[in-house]
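Biologist: I am new to reading models, so please take me slowly through one helix of this one and what surrounds it. After that, please carry on to the sheet and the other helices.

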Amino acid sequence: MKTFAQNCRNIEVLNLNGCTKITDSTCLSLSKFCYKLKQLDLTSCVSISNHSLKALSDGCRMLEMLNLSWCDQITRDGIEALARGCNGLRALFLRGCTQLEDGALKHLQKYCPELTTINMQSCTITDEGLVSLCRGCHRLQILCVSGCSNITDASLTAMGLNCPRLKILEAARCSHVTDAGFTVLARNCHELEKMDLEECILVTDNTLVQLSIHCPRLQALSLSHCELITDDGIRALSSSTCGQERLTVVELDNCPLITDVTLEHLKSCHRLERIELYDCQQVTRAGIKRIRAHLPEIKVHAYFAPVTPPPSVHGGGQRLCRCCIIL
């Protein structure tokens, strides 16, 4: 990589994803010779440390995109150095950087106002850091906080009040957020196109009502394991502008209150391409057959457990379906 950097000084885009033998010396070489570098992917380069970020901030100040996913040696000090030197940064991917905390986001808020994309999946951040980030990065369009289990409605409120251009929000497994936070978000972020709310277990139909009213561009929505969602929420969504003109994907795995009535409502979503219905036990084959007849191109993914055998099959004991018997 040192030889490469010395001889390819005009490099602008470099993908080292999965090059696990890469160390800080590579970034030192890039810093020294490749000042035109704009995009760098270091995903799973697990030997990369804060020294690399300091080097990049000194020599690669034109950097716009940096992927540090699963580089778990990175800490707030490295992010501070990066932010100070590369304040034109537009996209930053930090998935699985488990040592990062709120302090890192405060440095991004202070020095990187151009950020449009940031992925912090499974980072140990809280409302304090995320609220700070939103207050400084008003151009955010793509935000992933999936697995950031400490965030609450305070973060959603900050997104709504500060990031009106937000288009994609991934907030899976954020189990403390509620309808109140999503209400503020929906009323202020009218450009939302994709939302992943899997395992946001406190979300109810009220969130779907707000999205249906305020987010006419919504195309994809994951509500898997949102066990409070009912047919009424899907009715509001499917009868809205986004439902009838934009919606292409709805994921409803493990939503136990969803029935065939939901499928009847979704018939009006003419652009619908895919529905996920695994373990929706009140949905029937007949209901799926009807929506397929109405929307012939649609892909419906569902699973129906084998029928529980009668008591005589296994004597007087507890009745078990075939899957449980196999297990």
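**A helix with two sides**

Modeller: Happily! In helix α13, R285, K289 and A293 are exposed on the other side from the buried residues. Before going on, please note that this is a predicted model, in which local features need pLDDT of at least 70 and side-chain atom pairs count only at pLDDT 80 or more, while totals for chains, interfaces and linings use all residues. Residues are numbered from 1 along each chain as its sequence is written, and side-chain values use heavy atoms, with hydrogens and water left out.

A few words need explaining. Exposed means over 50% relative accessible area, buried means under 20%, and partly exposed lies in between, using a 1.4 Å probe and protein chains only. Helices (H or I, at least four residues) and strands (E, at least two) are DSSP runs, numbered from the N terminus.

Now back to α13, which covers residues 285–294. Its buried residues are G287, I288 and I291. Seen down the axis of α13, these fall within an arc of 100°, so they line one face of the helix; the arc is that of the directions from the helix axis to the C-beta atoms. What do the buried residues of α13 pack against? They pack against α12 (260–266), β11 (274–276) and β12, where contact means heavy atoms within 4.5 Å.

Strand β12 leads us to the sheet. This is an open sheet of 12 strands, running in order from β1 to β12, with parallel pairing. Its edge strands are β1 (13–15) and β12 (299–301), each of which pairs on one side only. Neighbouring strands are turned by 5° against each other on average, direction ignored. Two strands pair if DSSP finds at least two bridges between them; β1 and β2 (residues 39–41) have 3 bridges, in the parallel sense. V13 has Q39 in β2 as its bridge partner.

From β2 we can step to helix α3. In α3, the buried residues are S52, L53, A55, L56, S57 and G59, and what covers them includes α2 (24–33), β2, β3 (65–67) and α4. Two packed helices are described by the angle between their axes and the distance between the axes. Axes are lines fitted to C-alpha atoms, for helices over the stretch in contact, and angles run from 0 to 180 degrees between N-to-C directions. Helices α3 (residues 50–59) and α4 (residues 76–85) pack at about 10°, with their axes 8 Å apart. They are therefore roughly parallel to each other, a label for angles under 35 degrees; over 145 counts as roughly antiparallel, 65 to 115 as roughly perpendicular and the rest as oblique.

Another pair to look at is α6 (residues 127–136) with α7 (residues 153–162), at an angle of about 0° and with axes 9 Å apart. In this contact, D127, L130, V131, C134 and R135 of α6 meet A154, S155, A158, M159 and N162 of α7.

R135 also gives us a distance to the loop between α12 and β11, where H270 is found. The C-alpha atoms of H270 and R135 are separated by 38 Å. H270 is exposed, with a relative accessible area of 56%. Not counting residues up to four places away in sequence, H270 touches G243, Q244 and L295.
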